[in-house]
Amino acid sequence: CSFSFFSSWLPQMVPFRGSHWQTSLLAFRASLPMRAQPMKKKKKVDVKREQAQKDRLKKKIKKLEKAAPEMIPIEDFITPLKYSESNRVRSLPPLSFEETERRVLLLKKWCLFKQKQDKAEKKAIQTLVEAQQEALKELRLESEELYQAAIRRDEGLLPFERDGPNYTPPLPGYDPPEGKCIDITKVYTQ
Amino acid sequence: TAAAPRPWRLFGAMCLLRLPRITQPLEKEEEEMAALMGQIELEKSHYSDHEIRRLEEEEQLRRRKESMYDDDDEAPGKTVIMAQDLEDKWEQKLLQFKAAPRITDADKNNNRTSLNRKLDSNLMLLVKQKLGNQELWLLPQVEWQPGETLRSTAERAMATFLGDHIQAKILGNAPYGIYKYKFPRAIRTEDNVGAKVFFFKAFLQSSDFSQAELKEDYLWVTKDELGDYLKSEYLKKVNRFLLD
(Lines give C-alpha, C1' and ligand atoms only; values in the text may rest on other atoms or scores of the structure.)
Protein backbone atom coordinates (compact mmCIF):
# COMPACT_ATOMS: atom_id res chain seq x y z
CA CYS A 1 0.00 0.00 0.00
CA SER A 2 0.92 3.63 -0.21
CA PHE A 3 2.33 3.82 3.27
CA SER A 4 5.32 1.69 2.40
CA PHE A 5 6.71 4.71 0.63
CA PHE A 6 6.57 6.63 3.89
CA SER A 7 8.48 3.99 5.81
CA SER A 8 11.32 4.15 3.38
CA TRP A 9 11.38 7.98 3.52
CA LEU A 10 11.46 8.44 7.28
CA PRO A 11 14.91 8.24 8.91
CA GLN A 12 13.60 6.37 11.97
CA MET A 13 11.32 3.45 12.34
CA VAL A 14 7.91 4.99 13.05
CA PRO A 15 5.02 2.67 13.78
CA PHE A 16 2.39 3.38 11.12
CA ARG A 17 -1.21 2.48 10.87
CA GLY A 18 -2.49 -0.13 8.51
CA SER A 19 -5.27 2.07 7.19
CA HIS A 20 -6.56 5.57 7.83
CA TRP A 21 -9.63 4.15 9.52
CA GLN A 22 -7.39 2.74 12.28
CA THR A 23 -7.22 5.64 14.75
CA SER A 24 -4.65 4.24 17.20
CA LEU A 25 -2.35 1.22 17.13
CA LEU A 26 -3.21 -0.21 20.48
CA ALA A 27 -6.96 0.19 20.17
CA PHE A 28 -9.30 -2.33 18.74
CA ARG A 29 -9.11 -2.28 14.97
CA ALA A 30 -12.58 -1.03 14.31
CA SER A 31 -13.01 0.70 10.97
CA LEU A 32 -15.98 2.76 10.12
CA PRO A 33 -17.78 0.14 8.14
CA MET A 34 -17.53 -2.05 11.25
CA ARG A 35 -18.89 0.65 13.53
CA ALA A 36 -21.90 1.34 11.43
CA GLN A 37 -25.21 -0.31 11.88
CA PRO A 38 -26.82 -2.22 9.07
CA MET A 39 -28.36 0.14 6.45
CA LYS A 40 -32.01 0.85 7.27
CA LYS A 41 -34.68 1.03 4.63
CA LYS A 42 -35.52 4.70 5.00
CA LYS A 43 -37.25 5.41 1.73
CA LYS A 44 -41.02 5.31 2.42
CA VAL A 45 -40.94 6.61 5.96
CA ASP A 46 -38.74 9.49 4.84
CA VAL A 47 -41.09 10.50 2.07
CA LYS A 48 -44.02 10.47 4.49
CA ARG A 49 -42.15 12.50 7.05
CA GLU A 50 -41.04 15.07 4.49
CA GLN A 51 -44.58 15.45 3.21
CA ALA A 52 -45.88 15.89 6.75
CA GLN A 53 -43.27 18.60 7.34
CA LYS A 54 -44.22 20.40 4.12
CA ASP A 55 -47.90 20.33 5.05
CA ARG A 56 -47.14 21.78 8.45
CA LEU A 57 -45.14 24.59 6.87
CA LYS A 58 -47.92 25.34 4.39
CA LYS A 59 -50.47 25.53 7.18
CA LYS A 60 -48.25 27.97 9.04
CA ILE A 61 -47.88 30.14 5.93
CA LYS A 62 -51.65 30.13 5.39
CA LYS A 63 -52.25 31.17 8.96
CA LEU A 64 -49.82 34.04 8.62
CA GLU A 65 -51.44 35.18 5.40
CA LYS A 66 -54.93 34.99 6.86
CA ALA A 67 -54.01 37.21 9.76
CA ALA A 68 -54.79 40.88 9.10
CA PRO A 69 -51.88 42.81 7.59
CA GLU A 70 -50.09 45.00 10.06
CA MET A 71 -50.89 48.65 9.67
CA ILE A 72 -48.15 50.86 8.31
CA PRO A 73 -47.49 53.50 10.98
CA ILE A 74 -48.02 57.08 9.82
CA GLU A 75 -44.91 58.83 10.96
CA ASP A 76 -46.56 62.25 10.95
CA PHE A 77 -49.09 61.28 13.61
CA ILE A 78 -46.63 59.89 16.11
CA THR A 79 -44.95 62.65 18.11
CA PRO A 80 -41.42 61.68 18.99
CA LEU A 81 -41.05 61.63 22.76
CA LYS A 82 -38.23 64.12 22.87
CA TYR A 83 -40.62 66.91 21.82
CA SER A 84 -42.91 66.53 24.81
CA GLU A 85 -40.28 67.47 27.37
CA SER A 86 -41.15 70.39 29.56
CA ASN A 87 -38.14 72.54 28.75
CA ARG A 88 -39.47 72.81 25.23
CA VAL A 89 -42.54 74.77 26.16
CA ARG A 90 -42.38 78.34 24.96
CA SER A 91 -42.77 81.04 27.55
CA LEU A 92 -44.57 84.05 26.12
CA PRO A 93 -46.52 86.80 27.86
CA PRO A 94 -50.27 86.21 27.87
CA LEU A 95 -52.39 87.99 25.24
CA SER A 96 -53.97 91.30 26.19
CA PHE A 97 -57.65 91.97 25.83
CA GLU A 98 -57.12 94.30 22.87
CA GLU A 99 -55.11 91.65 21.09
CA THR A 100 -57.83 89.01 21.44
CA GLU A 101 -60.45 91.51 20.30
CA ARG A 102 -58.37 92.42 17.29
CA ARG A 103 -57.95 88.77 16.39
CA VAL A 104 -61.63 88.00 16.61
CA LEU A 105 -62.55 91.00 14.46
CA LEU A 106 -59.89 90.09 11.92
CA LEU A 107 -61.22 86.55 11.67
CA LYS A 108 -64.71 87.89 11.02
CA LYS A 109 -63.41 90.21 8.30
CA TRP A 110 -61.55 87.33 6.76
CA CYS A 111 -64.68 85.20 6.74
CA LEU A 112 -66.55 87.90 4.85
CA PHE A 113 -63.69 88.44 2.42
CA LYS A 114 -63.46 84.76 1.60
CA GLN A 115 -67.22 84.49 1.14
CA LYS A 116 -67.21 87.36 -1.37
CA GLN A 117 -64.27 85.84 -3.18
CA ASP A 118 -65.96 82.46 -3.38
CA LYS A 119 -69.21 83.96 -4.66
CA ALA A 120 -67.35 85.93 -7.33
CA GLU A 121 -65.52 82.80 -8.47
CA LYS A 122 -68.73 80.81 -8.70
CA LYS A 123 -70.40 83.58 -10.64
CA ALA A 124 -67.49 83.72 -13.08
CA ILE A 125 -67.65 79.98 -13.65
CA GLN A 126 -71.40 80.26 -14.19
CA THR A 127 -70.97 82.91 -16.90
CA LEU A 128 -68.27 80.80 -18.49
CA VAL A 129 -70.56 77.80 -18.74
CA GLU A 130 -73.43 79.92 -20.03
CA ALA A 131 -71.27 81.48 -22.74
CA GLN A 132 -70.13 78.05 -23.85
CA GLN A 133 -73.67 76.69 -23.94
CA GLU A 134 -74.78 79.64 -26.05
CA ALA A 135 -71.91 79.10 -28.47
CA LEU A 136 -72.75 75.42 -28.80
CA LYS A 137 -76.41 76.20 -29.40
CA GLU A 138 -75.54 78.59 -32.21
CA LEU A 139 -73.16 76.06 -33.66
CA ARG A 140 -75.85 73.44 -33.66
CA LEU A 141 -78.08 75.77 -35.61
CA GLU A 142 -75.32 76.14 -38.14
CA SER A 143 -74.34 72.56 -38.81
CA GLU A 144 -74.86 69.32 -36.95
CA GLU A 145 -71.56 67.91 -38.13
CA LEU A 146 -69.50 70.74 -36.67
CA TYR A 147 -71.49 70.48 -33.47
CA GLN A 148 -70.72 66.79 -33.14
CA ALA A 149 -67.05 67.48 -33.75
CA ALA A 150 -67.11 70.19 -31.09
CA ILE A 151 -68.69 68.10 -28.33
CA ARG A 152 -66.30 65.23 -28.83
CA ARG A 153 -63.96 64.59 -25.89
CA ASP A 154 -60.43 65.95 -26.25
CA GLU A 155 -58.16 63.11 -25.18
CA GLY A 156 -54.95 65.10 -25.15
CA LEU A 157 -56.23 67.69 -22.69
CA LEU A 158 -56.16 65.72 -19.43
CA PRO A 159 -53.96 65.11 -17.50
CA PHE A 160 -53.00 68.74 -17.66
CA GLU A 161 -49.80 69.77 -15.88
CA ARG A 162 -48.47 73.22 -15.23
CA ASP A 163 -45.83 74.67 -12.93
CA GLY A 164 -47.40 77.27 -10.69
CA PRO A 165 -46.26 80.89 -10.53
CA ASN A 166 -43.40 81.81 -8.18
CA TYR A 167 -42.79 84.98 -6.25
CA THR A 168 -40.10 86.36 -8.61
CA PRO A 169 -39.52 85.62 -12.29
CA PRO A 170 -36.64 83.31 -13.16
CA LEU A 171 -33.24 84.96 -13.01
CA PRO A 172 -31.44 84.57 -16.34
CA GLY A 173 -28.05 82.94 -16.01
CA TYR A 174 -28.52 81.86 -12.38
CA ASP A 175 -26.20 79.06 -11.23
CA PRO A 176 -27.79 77.14 -8.35
CA PRO A 177 -25.38 75.91 -5.63
CA GLU A 178 -24.21 72.29 -5.88
CA GLY A 179 -25.54 69.71 -3.50
CA LYS A 180 -26.96 66.23 -3.25
CA CYS A 181 -30.28 65.38 -1.66
CA ILE A 182 -30.30 62.03 0.16
CA ASP A 183 -33.77 60.69 0.87
CA ILE A 184 -34.00 59.05 4.30
CA THR A 185 -37.73 58.36 4.46
CA LYS A 186 -38.55 54.93 5.87
CA VAL A 187 -40.40 52.69 3.45
CA TYR A 188 -42.73 50.07 4.94
CA THR A 189 -43.97 47.02 3.08
CA GLN A 190 -47.07 45.18 4.10
CA THR B 1 -84.19 73.48 -43.73
CA ALA B 2 -81.04 71.43 -43.60
CA ALA B 3 -80.45 71.48 -47.33
CA ALA B 4 -80.50 75.25 -47.86
CA PRO B 5 -77.16 76.87 -47.07
CA ARG B 6 -77.23 79.05 -43.97
CA PRO B 7 -76.68 82.74 -44.56
CA TRP B 8 -74.10 83.07 -41.82
CA ARG B 9 -70.39 82.97 -42.53
CA LEU B 10 -68.34 81.13 -39.94
CA PHE B 11 -65.08 82.32 -38.43
CA GLY B 12 -62.83 80.61 -35.92
CA ALA B 13 -60.92 82.87 -33.54
CA MET B 14 -58.24 81.97 -31.06
CA CYS B 15 -57.79 83.62 -27.69
CA LEU B 16 -54.18 82.87 -26.84
CA LEU B 17 -53.41 83.37 -23.15
CA ARG B 18 -49.98 83.75 -21.62
CA LEU B 19 -50.42 82.51 -18.07
CA PRO B 20 -49.00 84.47 -15.15
CA ARG B 21 -45.38 83.82 -14.16
CA ILE B 22 -45.42 85.38 -10.69
CA THR B 23 -47.97 85.51 -7.91
CA GLN B 24 -50.35 88.39 -7.56
CA PRO B 25 -49.77 90.78 -4.66
CA LEU B 26 -51.79 89.96 -1.54
CA GLU B 27 -54.81 91.99 -0.56
CA LYS B 28 -54.80 93.83 2.75
CA GLU B 29 -56.99 91.24 4.50
CA GLU B 30 -54.87 88.43 3.14
CA GLU B 31 -51.69 90.00 4.49
CA GLU B 32 -53.18 90.62 7.91
CA MET B 33 -54.48 87.09 8.04
CA ALA B 34 -51.12 85.66 7.02
CA ALA B 35 -49.44 87.62 9.83
CA LEU B 36 -52.03 86.41 12.34
CA MET B 37 -51.60 82.80 11.25
CA GLY B 38 -47.86 83.09 11.69
CA GLN B 39 -48.28 84.51 15.17
CA ILE B 40 -50.70 81.79 16.26
CA GLU B 41 -48.40 79.14 14.90
CA LEU B 42 -45.51 80.60 16.86
CA GLU B 43 -47.54 80.68 20.06
CA LYS B 44 -48.70 77.12 19.73
CA SER B 45 -45.29 75.72 18.88
CA HIS B 46 -42.56 74.32 21.08
CA TYR B 47 -38.90 75.18 20.93
CA SER B 48 -36.88 73.56 18.20
CA ASP B 49 -33.37 72.11 18.65
CA HIS B 50 -31.79 75.19 17.18
CA GLU B 51 -33.68 77.48 19.54
CA ILE B 52 -32.81 75.40 22.60
CA ARG B 53 -29.17 75.52 21.60
CA ARG B 54 -29.39 79.28 21.24
CA LEU B 55 -31.06 79.72 24.63
CA GLU B 56 -28.48 77.55 26.35
CA GLU B 57 -25.63 79.45 24.77
CA GLU B 58 -27.15 82.74 25.83
CA GLU B 59 -27.39 81.39 29.38
CA GLN B 60 -23.74 80.39 29.26
CA LEU B 61 -22.68 83.78 27.96
CA ARG B 62 -24.64 85.53 30.70
CA ARG B 63 -23.13 83.34 33.38
CA ARG B 64 -19.69 83.91 31.96
CA LYS B 65 -20.15 87.66 32.03
CA GLU B 66 -21.37 87.63 35.62
CA SER B 67 -18.51 85.52 36.89
CA MET B 68 -15.51 86.47 34.81
CA TYR B 69 -12.90 84.72 36.96
CA ASP B 70 -14.03 81.11 37.02
CA ASP B 71 -14.53 80.44 33.36
CA ASP B 72 -11.22 81.69 32.14
CA ASP B 73 -9.62 78.39 33.19
CA GLU B 74 -12.15 76.25 31.32
CA ALA B 75 -12.15 76.19 27.54
CA PRO B 76 -9.18 78.44 26.75
CA GLY B 77 -8.79 79.10 23.05
CA LYS B 78 -11.62 76.76 22.11
CA THR B 79 -13.71 78.50 19.46
CA VAL B 80 -17.30 77.37 19.55
CA ILE B 81 -19.71 78.32 16.81
CA MET B 82 -22.72 79.86 18.49
CA ALA B 83 -26.20 79.50 17.14
CA GLN B 84 -26.46 83.25 16.93
CA ASP B 85 -23.40 83.36 14.66
CA LEU B 86 -24.99 80.81 12.39
CA GLU B 87 -28.12 82.89 12.15
CA ASP B 88 -26.12 85.97 11.29
CA LYS B 89 -24.25 84.06 8.63
CA TRP B 90 -27.46 82.87 7.04
CA GLU B 91 -28.89 86.37 7.11
CA GLN B 92 -25.82 87.70 5.32
CA LYS B 93 -26.09 85.03 2.67
CA LEU B 94 -29.73 85.91 2.05
CA LEU B 95 -28.91 89.58 1.66
CA GLN B 96 -26.25 88.76 -0.88
CA PHE B 97 -28.73 87.03 -3.18
CA LYS B 98 -30.52 89.34 -5.55
CA ALA B 99 -33.68 88.02 -7.18
CA ALA B 100 -35.06 89.13 -10.52
CA PRO B 101 -37.39 92.15 -10.25
CA ARG B 102 -41.14 91.56 -10.30
CA ILE B 103 -41.75 94.73 -12.29
CA THR B 104 -39.81 94.40 -15.49
CA ASP B 105 -38.50 97.02 -17.89
CA ALA B 106 -41.35 96.38 -20.27
CA ASP B 107 -43.71 97.33 -17.46
CA LYS B 108 -41.98 100.62 -16.97
CA ASN B 109 -41.98 101.47 -20.67
CA ASN B 110 -45.54 100.16 -21.11
CA ASN B 111 -44.36 98.29 -24.16
CA ARG B 112 -47.52 96.42 -25.01
CA THR B 113 -45.92 94.27 -27.70
CA SER B 114 -43.59 92.44 -25.31
CA LEU B 115 -44.48 89.32 -23.40
CA ASN B 116 -42.47 90.30 -20.35
CA ARG B 117 -45.03 92.75 -19.15
CA LYS B 118 -47.48 92.24 -16.28
CA LEU B 119 -46.01 88.96 -15.17
CA ASP B 120 -48.72 88.43 -12.58
CA SER B 121 -51.73 88.43 -14.93
CA ASN B 122 -52.96 86.77 -18.09
CA LEU B 123 -51.95 88.35 -21.39
CA MET B 124 -54.01 87.95 -24.56
CA LEU B 125 -52.99 88.33 -28.16
CA LEU B 126 -54.76 91.04 -30.19
CA VAL B 127 -54.14 91.49 -33.88
CA LYS B 128 -55.13 94.26 -36.25
CA GLN B 129 -57.25 92.81 -39.01
CA LYS B 130 -59.06 94.22 -41.99
CA LEU B 131 -62.75 93.38 -42.15
CA GLY B 132 -64.58 94.79 -45.10
CA ASN B 133 -63.16 98.25 -45.27
CA GLN B 134 -62.37 98.67 -41.60
CA GLU B 135 -59.15 97.99 -39.75
CA LEU B 136 -60.02 96.57 -36.36
CA TRP B 137 -58.23 95.17 -33.35
CA LEU B 138 -59.49 91.62 -32.93
CA LEU B 139 -58.55 88.27 -31.53
CA PRO B 140 -56.88 86.49 -34.45
CA GLN B 141 -59.59 84.98 -36.63
CA VAL B 142 -59.80 83.24 -39.94
CA GLU B 143 -62.74 82.14 -42.05
CA TRP B 144 -63.91 78.58 -41.74
CA GLN B 145 -63.43 76.36 -44.74
CA PRO B 146 -65.62 73.34 -45.39
CA GLY B 147 -63.92 70.11 -44.45
CA GLU B 148 -62.27 71.22 -41.24
CA THR B 149 -63.53 71.44 -37.69
CA LEU B 150 -63.78 74.81 -35.99
CA ARG B 151 -60.90 73.94 -33.69
CA SER B 152 -58.59 73.48 -36.66
CA THR B 153 -59.82 76.82 -38.00
CA ALA B 154 -58.74 78.42 -34.77
CA GLU B 155 -55.38 76.65 -34.95
CA ARG B 156 -54.96 77.91 -38.48
CA ALA B 157 -55.75 81.42 -37.31
CA MET B 158 -53.04 81.15 -34.68
CA ALA B 159 -50.55 79.77 -37.18
CA THR B 160 -51.32 82.51 -39.69
CA PHE B 161 -50.43 85.23 -37.29
CA LEU B 162 -47.72 83.64 -35.20
CA GLY B 163 -46.10 81.04 -37.40
CA ASP B 164 -45.94 77.28 -37.07
CA HIS B 165 -43.51 77.04 -34.18
CA ILE B 166 -45.93 78.09 -31.49
CA GLN B 167 -46.69 75.53 -28.80
CA ALA B 168 -50.12 76.14 -27.34
CA LYS B 169 -52.44 73.90 -25.38
CA ILE B 170 -55.94 74.32 -26.77
CA LEU B 171 -58.52 73.70 -24.09
CA GLY B 172 -60.90 71.25 -25.68
CA ASN B 173 -62.82 70.91 -28.89
CA ALA B 174 -65.77 73.09 -27.96
CA PRO B 175 -65.93 76.85 -28.53
CA TYR B 176 -65.95 79.10 -25.46
CA GLY B 177 -67.96 81.98 -26.81
CA ILE B 178 -69.63 83.35 -29.87
CA TYR B 179 -69.97 86.77 -31.44
CA LYS B 180 -72.71 87.15 -33.98
CA TYR B 181 -72.99 90.24 -36.14
CA LYS B 182 -74.89 91.22 -39.25
CA PHE B 183 -73.18 92.89 -42.11
CA PRO B 184 -74.07 96.49 -42.85
CA ARG B 185 -77.02 96.80 -45.18
CA ALA B 186 -74.89 97.70 -48.14
CA ILE B 187 -73.18 94.32 -48.24
CA ARG B 188 -76.00 92.23 -46.95
CA THR B 189 -77.56 89.81 -49.40
CA GLU B 190 -80.03 86.95 -49.16
CA ASP B 191 -77.28 84.42 -48.70
CA ASN B 192 -74.90 86.52 -46.72
CA VAL B 193 -76.61 88.02 -43.73
CA GLY B 194 -73.76 88.16 -41.30
CA ALA B 195 -70.99 86.28 -39.60
CA LYS B 196 -70.58 84.16 -36.50
CA VAL B 197 -67.22 84.20 -34.81
CA PHE B 198 -66.53 81.22 -32.53
CA PHE B 199 -63.84 81.75 -29.90
CA PHE B 200 -61.44 79.09 -28.68
CA LYS B 201 -59.07 79.35 -25.74
CA ALA B 202 -55.46 78.21 -25.61
CA PHE B 203 -52.60 78.49 -23.14
CA LEU B 204 -49.23 79.52 -24.48
CA GLN B 205 -46.56 76.94 -23.65
CA SER B 206 -43.40 78.14 -25.34
CA SER B 207 -42.01 81.46 -24.25
CA ASP B 208 -39.56 82.35 -27.01
CA PHE B 209 -40.77 84.15 -30.07
CA SER B 210 -37.54 84.48 -31.98
CA GLN B 211 -38.90 82.52 -34.91
CA ALA B 212 -42.30 84.16 -35.02
CA GLU B 213 -42.89 86.29 -38.06
CA LEU B 214 -45.64 88.65 -37.17
CA LYS B 215 -46.68 90.54 -40.21
CA GLU B 216 -49.39 92.73 -38.86
CA ASP B 217 -49.55 94.77 -35.70
CA TYR B 218 -50.02 92.76 -32.58
CA LEU B 219 -50.44 93.43 -28.90
CA TRP B 220 -50.40 91.45 -25.71
CA VAL B 221 -52.93 92.94 -23.33
CA THR B 222 -54.56 92.09 -20.05
CA LYS B 223 -58.29 91.77 -19.53
CA ASP B 224 -58.60 95.32 -18.21
CA GLU B 225 -56.80 96.81 -21.16
CA LEU B 226 -59.02 95.03 -23.68
CA GLY B 227 -61.49 97.87 -23.41
CA ASP B 228 -58.96 100.22 -25.01
CA TYR B 229 -58.95 98.29 -28.22
CA LEU B 230 -62.09 96.27 -28.74
CA LYS B 231 -65.50 97.45 -29.78
CA SER B 232 -68.10 97.39 -26.99
CA GLU B 233 -70.33 94.58 -28.28
CA TYR B 234 -67.36 92.41 -29.15
CA LEU B 235 -65.79 93.19 -25.81
CA LYS B 236 -68.92 92.19 -23.94
CA LYS B 237 -68.95 88.77 -25.53
CA VAL B 238 -65.25 88.26 -25.07
CA ASN B 239 -65.33 89.22 -21.40
CA ARG B 240 -67.86 86.51 -20.68
CA PHE B 241 -65.40 83.71 -21.22
CA LEU B 242 -62.32 85.34 -19.73
CA LEU B 243 -61.49 84.68 -16.09
CA ASP B 244 -59.38 87.35 -14.53
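Where is Arg112(B) found? I looked this up first in the predicted model. Arg112(B) lies in the loop that runs between helix H4 (105-109) and strand E2 (123-131) of chain B.

**Entry: Arg112(B)**

Next I asked whether Arg112(B) is buried or exposed. Its relative accessible area is 17%, so Arg112(B) falls under the 20% cut-off and is buried.

I then listed its neighbours, leaving out residues up to four places away in sequence. Arg112(B) touches Arg117(B), Leu219(B), Trp220(B), Val221(B), Glu225(B), Asp228(B) and Tyr229(B). Two of these I checked for side-chain polar contacts. With the side chain of Asp228(B), that of Arg112(B) makes a polar contact of 3.5 Å. With the side chain of Tyr229(B), the polar contact is 3.0 Å.

**Entry: chain B as a whole**

I counted elements next. Chain B has 6 helices and 8 strands. Along the sequence I read the pattern β-α-α-α-α-β-β-β-α-β-β-β-β-α.

How much of chain B is buried? Of its 244 residues, 39% are buried. The exposed area of chain B is about 15,000 Å², and carbon and sulfur atoms supply 50% of that.

I also looked at contact range. Among contacts in chain B with a separation of 6 or more, 72% join residues 24 or more positions apart.

**Entry: chain B against chain A**

How many residues of chain B are in contact with chain A? I noted 57 residues of chain B, which meet 49 residues of chain A. The area buried between the two chains is about 4,800 Å². Carbon and sulfur atoms give 60% of this buried area.

I went on to the charged pairs. The rule finds 11 salt bridges across the interface of chain B and chain A. One I looked at joins Arg240(B) to Glu130(A), with the closest N and O atoms 3.7 Å apart. For polar contacts between the chains, the count is 21 residue pairs, both residues at pLDDT 80 or more.

Which elements of chain B give two or more residues to the side that touches chain A? My list has helices H1 (28-44), H2 (49-66), H5 (150-162) and H6 (232-240) of chain B. It also has strands E1 (8-18), E5 (168-170), E6 (177-182) and E7 (194-204) of chain B. H1(B) gives the largest share, 9 residues.

Last, I sorted this side of chain B by class. It has 29 nonpolar, 9 polar and 19 charged residues.

Key: Residues are numbered from 1 along each chain as its sequence is written. Chains are lettered from A and ligands numbered from 1 in the order in which they are written. This is a predicted model: local features need pLDDT of at least 70, side-chain atom pairs count only at pLDDT 80 or more; totals for chains, interfaces and linings use all residues. Side-chain values use heavy atoms; hydrogens and water are left out. Contact means heavy atoms within 4.5 Å. Buried area is the accessible area (1.4 Å probe) that two parts lose on being put together, summed over both. A salt bridge is a side-chain nitrogen of Lys or Arg within 4 Å of a carboxyl oxygen of Asp or Glu. A polar contact is a pair of N or O atoms within 3.5 Å; within protein, one must be able to donate a hydrogen and the other to accept it, and residues adjacent in sequence count only if both atoms are side-chain atoms. Helices (H or I, at least four residues) and strands (E, at least two) are DSSP runs, numbered from the N terminus. Ala, Val, Leu, Ile, Met, Phe, Trp, Tyr, Cys and Pro count as nonpolar, Asp, Glu, Lys and Arg as charged, and the others, Gly among them, as polar. Buried means under 20% relative accessible area, exposed over 50%, partly exposed in between (1.4 Å probe, protein chains only). Accessible areas come from the Shrake-Rupley method with a 1.4 Å probe; for residues, only the protein chains shown count as cover.
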